[in-house]
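Trainee: I would like a close look at one part of this model, the surface next to the DNA. Please start there and then work outward.

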Protein chains: 2
Amino acid sequence: MKTDPSETSGIPTAEQVRLDTARDAFVSQWGTIGSAWGINRTMAQIHALLLIRPEPLTTDQVMGELRISRGNAHTNLRELAGWGLVRGVIRKGERKEYFEAEKDVWKMFCIIIRERKRREIRPAINVLKDCIERADGLKSPEALAFTRQARALSEFMEMADGVLSKVVRSERNSIIPWALRFLK
Amino acid sequence: MKTDPSETSGIPTAEQVRLDTARDAFVSQWGTIGSAWGINRTMAQIHALLLIRPEPLTTDQVMGELRISRGNAHTNLRELAGWGLVRGVIRKGERKEYFEAEKDVWKMFCIIIRERKRREIRPAINVLKDCIERADGLKSPEALAFTRQARALSEFMEMADGVLSKVVRSERNSIIPWALRFLK
DNA sequence: TTCTATTTTCAGTAAATACTGAAAATAGGA
DNA sequence: TCCTATTTTCAGTATTTACTGAAAATAGAA
């Protein structure tokens with residue numbers, strides 16, 4: 001990873017090396033963390049890269065920094081934009097698109113929760129309800145055990161979903177102080 | 001999926017078919033949900049299967065229900081036991097091991113949160129701190145942007161981690177009523 | 001309109017992940 | 001002790017997922 005502005009003298013300073021090492025570690029590890037949570041490694045790495053860069057980057061810069069193909073960079077940038085974690089910016093006079101990440105950690109958190117709710121939690125709840133309906137009216141002990149368990153899961157998830165909705169709707173300035181107080 | 005006790009008459013009743021269909025849907029969908037969250041499909045399916053069965057199952061029964069190999073069943077049962085979501089039970093007089101899932105949804109939730117904290121959140125926080133240290137003392141604007149962002153992430157995650165710890169330590173009987181009140 | 005920088009797509013391929021099945025190890029019963 | 005039901009391991013293979021690179025499409029400039 002190169003310190004991008006005017007890399008003119010061939011030899012980087014010790015400071016640059018140290019920064020690049022730290023950034024590389026961050027990008028690489030963020031990728032690993034992402035994949036533990038079902039997010040593709042490259043997508044997480046691009047996200048990390050944009051998070052720690054003060055300036056927006058082009059597709060080509062992302063390709064260069066992470067040594068990935070155009071197609072890969074493109075697809076994952078679009079995917080990140082789909083989540084709302086990254087947005088495209090067009091600079092006046094320039095034709096190509098730049099990308100920047102949402103830097104505000106609270107906003108980032110809200111986006112991720114909202115999207116996970118929409119993409120994973122709600123569908124899961126619907127599936128549960130559907131399964132419960134399918135077994136509706138059955139009387140065997142096996143059927144009752146099934147329905148009981150499915151209902152418990154569904155109710156719990158509804159509750160969790162509701163709590164998350166409310167947290168995410170609340171203001172950063174009301175939740176964070178609450179959390180800090182809660183921790184004491 | 002067969003209604004297990006004494007499947008003697010070859011032809012299943014309409015009720016049995018309906019239950020089996022509902023259970024199959026549940027197992028299959030729980031697998032899909034799991035994989036969206038970074039959990040291997042089979043492991044999630046075995047978990048689902050054990051969740052909705054009132055009686056513990058043997059490795060062979062799991063293999064039969066899900067049509068998977070012994071190695072696969074074995075590995076994923078062990079993995080589930082590693083999470084604490086499933087435990088082995090040995091019936092007196094019998095030599096083989098049976099497996100049953102933790103059925104209580106609140107306990108399940110706590111186990112999952114605790115394990116995710118331990119396996120994913122804490123390591124991620126450590127990585128962040130490590131990256132911040134690596135860039136410590138650097139003064140360039142690029143370095144400051146990096147450090148600032150990494151610190152914000154790390155602080156947020158510490159806070160979230162703390163909140164989760166406290167939630168998970170609390171009693172079901174204090175948190176669930178709280179959540180229901182919170183939702184109103 | 002043409003020209004070209006840029007974005008988008010996608011068939012083919014590579015890499016990562018999960019699974020099988022059989023052999024080896026283990027542990028209770030006699 | 002030996003015998004065998006059961007568990008565990010793991011090399012080989014299959015499946016899924018991610019990536020490449022080049023061709024096609026698009027859209028601003030002239």
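Mentor: Start with a phosphate. A polar backbone atom of A:Ser69 sits 2.6 Å from a phosphate oxygen of DNA strand D. That is within the limit for a polar contact, a pair of N or O atoms within 3.5 Å; within protein, one must be able to donate a hydrogen and the other to accept it, and residues adjacent in sequence count only if both atoms are side-chain atoms. Keep in mind that this is a predicted model, where local features need pLDDT of at least 70, side-chain atom pairs count only at pLDDT 80 or more, and totals for chains, interfaces and linings use all residues. Residues are numbered from 1 along each chain as its sequence is written, chains are lettered from A and ligands numbered from 1 in the order in which they are written, and side-chain values use heavy atoms, with hydrogens and water left out.

Chain B also reaches DNA strand D. A backbone N or O atom of B:Glu97 is 2.9 Å from a phosphate oxygen of this strand. B:Arg95 goes to a base instead: an N or O atom of its side chain is 3.3 Å from a base oxygen.

Now widen the view. DNA strand D has 17 residues around it, and A:Thr42, A:Ser69, B:His74, B:Arg78 and B:Glu97 are the closest. A residue is near a strand if one of its heavy atoms lies within 4 Å of it. Sugar or phosphate accounts for 62% of the strand D atoms within 4 Å of the protein; bases make up the rest. α4(B) supplies the largest share of this surface, four residues. α4 of chain A and α4 (70-83) of chain B each give at least two. Helices here are DSSP runs of H or I, at least four residues, numbered from the N terminus. By class, the surface near strand D has one nonpolar, eight polar and eight charged residues. Ala, Val, Leu, Ile, Met, Phe, Trp, Tyr, Cys and Pro count as nonpolar, Asp, Glu, Lys and Arg as charged, and the others, Gly among them, as polar.

Turn to DNA strand C. It is surrounded by 17 residues, the closest being A:His74, A:Arg78, A:Glu97, B:Thr42 and B:Ser69. B:Thr42 places a polar side-chain atom 2.2 Å from a phosphate oxygen of this strand. For A:Arg78, a polar side-chain atom is 2.8 Å from a phosphate oxygen. For B:Asn40, the distance from a polar side-chain atom to a phosphate oxygen is 3.4 Å. On strand C, 62% of the atoms within 4 Å of the protein are sugar or phosphate, and the rest are bases. Here α4(A) gives the most, with four residues. The classes are one nonpolar, eight polar and eight charged.

Next, the two chains together. Chain A puts 60 residues in contact with 60 of chain B; contact means heavy atoms within 4.5 Å. The pair buries about 5400 Å², 75% of it on carbon and sulfur atoms. Buried area is the accessible area (1.4 Å probe) that two parts lose on being put together, summed over both. In chain A, A:Trp37, A:Glu142 and A:Phe156 lose the most area to chain B, together 12% of what that side buries. A:Glu142 also pairs with B:Arg23 in a salt bridge (2.9 Å, N to O). A salt bridge is a side-chain nitrogen of Lys or Arg within 4 Å of a carboxyl oxygen of Asp or Glu. Four salt bridges cross this interface. So do 10 residue pairs in polar contact, both at pLDDT 80 or more. On the chain A side, α1 (14-36), α5 (105-134), α6 (141-169) and α7 (172-183) each supply at least two residues. The largest share, 14 residues, comes from α6(A). That side holds 38 nonpolar, seven polar and 15 charged residues.

Last, look inside chain A. An automatic or database assignment sets domain bounds; for chain A they are domain 1 (14-101) and domain 2 (105-183). Their contact takes 11 residues from domain 1 and six from domain 2. The C-alpha centres of the two domains lie 31 Å apart. They bury about 680 Å² between them, 64% of it on carbon and sulfur atoms. In domain 1, A:Trp37, A:Trp83 and A:Leu85 lose the most area to domain 2, together 68% of what that side buries. The count of salt bridges between the domains is zero. One residue pair is in polar contact, both at pLDDT 80 or more. In domain 1, α2 (41-51) and α4 (70-83) of chain A are the elements that give two or more residues to the side touching domain 2. α4(A) gives the most, with three residues.
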